[in-house]
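Dear colleague,

Please find below the structure that I am handing over to you, together with its sequence. My findings follow it.

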Amino acid sequence: MTRCGSDALRHRDLPYNGLAKTPPMGWNGWNHFQTDVDDSVVRSTADAMASNGMREVGYLYVNIDDSWQGHRDQKGNLRPNQKFPDMKALADYVHSKGLRLGIYSSPGPRTCAGYEGSYAHENQDAKTFAAWDIDYLKYDWCSADGDMRAAYQKMGEALQATGRPIVFSLSQNDKLAAENRVWEWGPTTGANLWRTETDISDSWESISKIGFSQNAFAPYAGPGHWNDPDTLEIGNGGLTLEENRTHMTLWSILAAPLLAGNDLRSVSPEILAILTNLEVIRIDQDQLGKEGTRALSLGDIEIWTRPLQGGSSAVAVFNLANHAESFEIPWASLNIPESARVRDLWNHADLPNTGSINLLQLPGHGAALFRVE
Ligand code: GAL
């Protein structure tokens, strides 16, 4: 017998909630803080985002992940634990900074870190989140079982019934995602994004393994509904500067959500410059909403392209080797006319019109990103 019972086996397709027309941008503390997140971390992160230029380039959501939950009161209302004394006051504070507040729950009775989930309290919890003025819910499968699509639809319906615009983010491990093919029906749950992969970690192995395996998911992304290869590890210390730039380039060509996962209260100027490169962000946030795909694989060099609104395209070149590589790529091999105007988005420079990308040195694990008009 499944815990979710026959009720949950009913599929009820939901309409689009009108949100996340471009991939969500913001912060999620899990990668850096795990369960060490509290009211003060969230407030000071919002302060940082409102003053360091991130808000201005589009990072709006400040998302609390697992471990905020306390117990239910006598009426079954979920209360935050002592780390979050007043969730509505916290939302008011984050909103006063021109930002939005996100929260986390699970369709199971327990979250992945063992806190109270929303099982059998979906409507009540959605109402609670709306009453706190929450703007984003990450809904993580964790201890749930039974029909995944129906369980997500249940919360999607509960969120929509509140009348508050709440971005709905599905999370589940890669094996369950693959078994259930979440990307095929994600939008029918009212979700705006769904994880495609296992948890990211702070290493080149992790970000490259996840990022370069996204090719097959591209057809499922579009305005309002995105594949989510997980939050960013940029600036967490395990990646070189080049690898951090590659991470940002790869997520942008993939139209992935850009949720910074580092401690923004002590971010270095180099890392901030990577996170706030507006020319790169514009690729991620392109209104056409088409996810990029692998165009060429030449030994250690990978080239990914992404169609952009108005007929331009983005071309990302990645060097997977751990040493510098030199190479030349004729535009013709990417079906790009020789007359195309090309801009290098990391160096903020227009390239001379030579009919090819001529990169003398792309550093090991490095990336270049071009906008081709
Ligand atoms: C995992 C999830 C992570 C994080 C964690 C919290 O299942 O993939 O992103 O949310 O749970 O316990």
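A salt bridge is counted here when a side-chain nitrogen of Lys or Arg lies within 4 Å of a carboxyl oxygen of Asp or Glu. Please bear in mind throughout that the model is predicted.

Domains and their interface

The protein has two domains, with domain 1 covering 2-284 and domain 2 covering 293-372. Taken over C-alpha atoms, their centres lie 31 Å apart. Each side brings residues to the contact: 24 from domain 1 and 24 from domain 2.

The size of an interface is often expressed as the accessible area that is lost when the parts come together. Between domain 1 and domain 2, about 2100 Å² is buried, and carbon and sulfur atoms account for 66% of that area. On the side of domain 1, F212, I253 and I283 together provide 32% of the area buried against domain 2, more than any other three residues.

How many salt bridges join domain 1 and domain 2? The count is 1. Side chains of opposite charge can pair when their charged atoms come close. A salt bridge of this kind is formed by R343 and E279, whose side chains meet at 2.6 Å, N to O. Polar contacts across the interface of the two domains amount to 13 residue pairs, with both residues at pLDDT 80 or more.

Three helices, α8 (204-211), α9 (241-253) and α11 (278-284), each give at least two residues to the side of domain 1 that touches domain 2. Helix α9 makes the largest contribution to that side, with 9 residues. Sorted by class, the side of domain 1 facing domain 2 comprises 11 nonpolar, 7 polar and 6 charged residues.

Surroundings of the ligand

The ligand is surrounded by W30, D65, D66, Y104, C112, A113, K138, D140, S171, R195 and D199. Three of these aspartates deserve a separate note, as follows.

- D65 has a side-chain N or O atom 2.6 Å from an oxygen atom of the ligand.
- D66 places a polar side-chain atom 2.8 Å from an oxygen atom of the ligand.
- D199 has a side-chain N or O atom 2.5 Å from an oxygen atom of the ligand.

Other salt bridges and a loop residue

Over the whole structure, the search finds 23 salt bridges. One of them pairs the side chains of D125 and R72, at 2.9 Å from N to O. This pair connects distant parts of the chain, since D125 belongs to helix α4 and R72 to strand β3 (residues 69-72), 53 residues apart.

Where is D133 located? D133 sits in the loop that runs between α4 (122-131) and β6 (136-140). Leaving aside residues up to four places away in sequence, D133 touches K88, A91, D92, H95 and R164. Of these, H95 is 38 residues from D133 in sequence, while the C-alpha atoms of H95 and D133 are 9.1 Å apart in space.

Yours sincerely

Conventions. Residues are numbered from 1 along each chain as its sequence is written. This is a predicted model: local features need pLDDT of at least 70, side-chain atom pairs count only at pLDDT 80 or more; totals for chains, interfaces and linings use all residues. Side-chain values use heavy atoms; hydrogens and water are left out. Domain bounds come from an automatic or database domain assignment. Contact means heavy atoms within 4.5 Å. Buried area is the accessible area (1.4 Å probe) that two parts lose on being put together, summed over both. A polar contact is a pair of N or O atoms within 3.5 Å; within protein, one must be able to donate a hydrogen and the other to accept it, and residues adjacent in sequence count only if both atoms are side-chain atoms. Helices (H or I, at least four residues) and strands (E, at least two) are DSSP runs, numbered from the N terminus. Ala, Val, Leu, Ile, Met, Phe, Trp, Tyr, Cys and Pro count as nonpolar, Asp, Glu, Lys and Arg as charged, and the others, Gly among them, as polar. A residue is near a molecule or strand if one of its heavy atoms lies within 4 Å of it.
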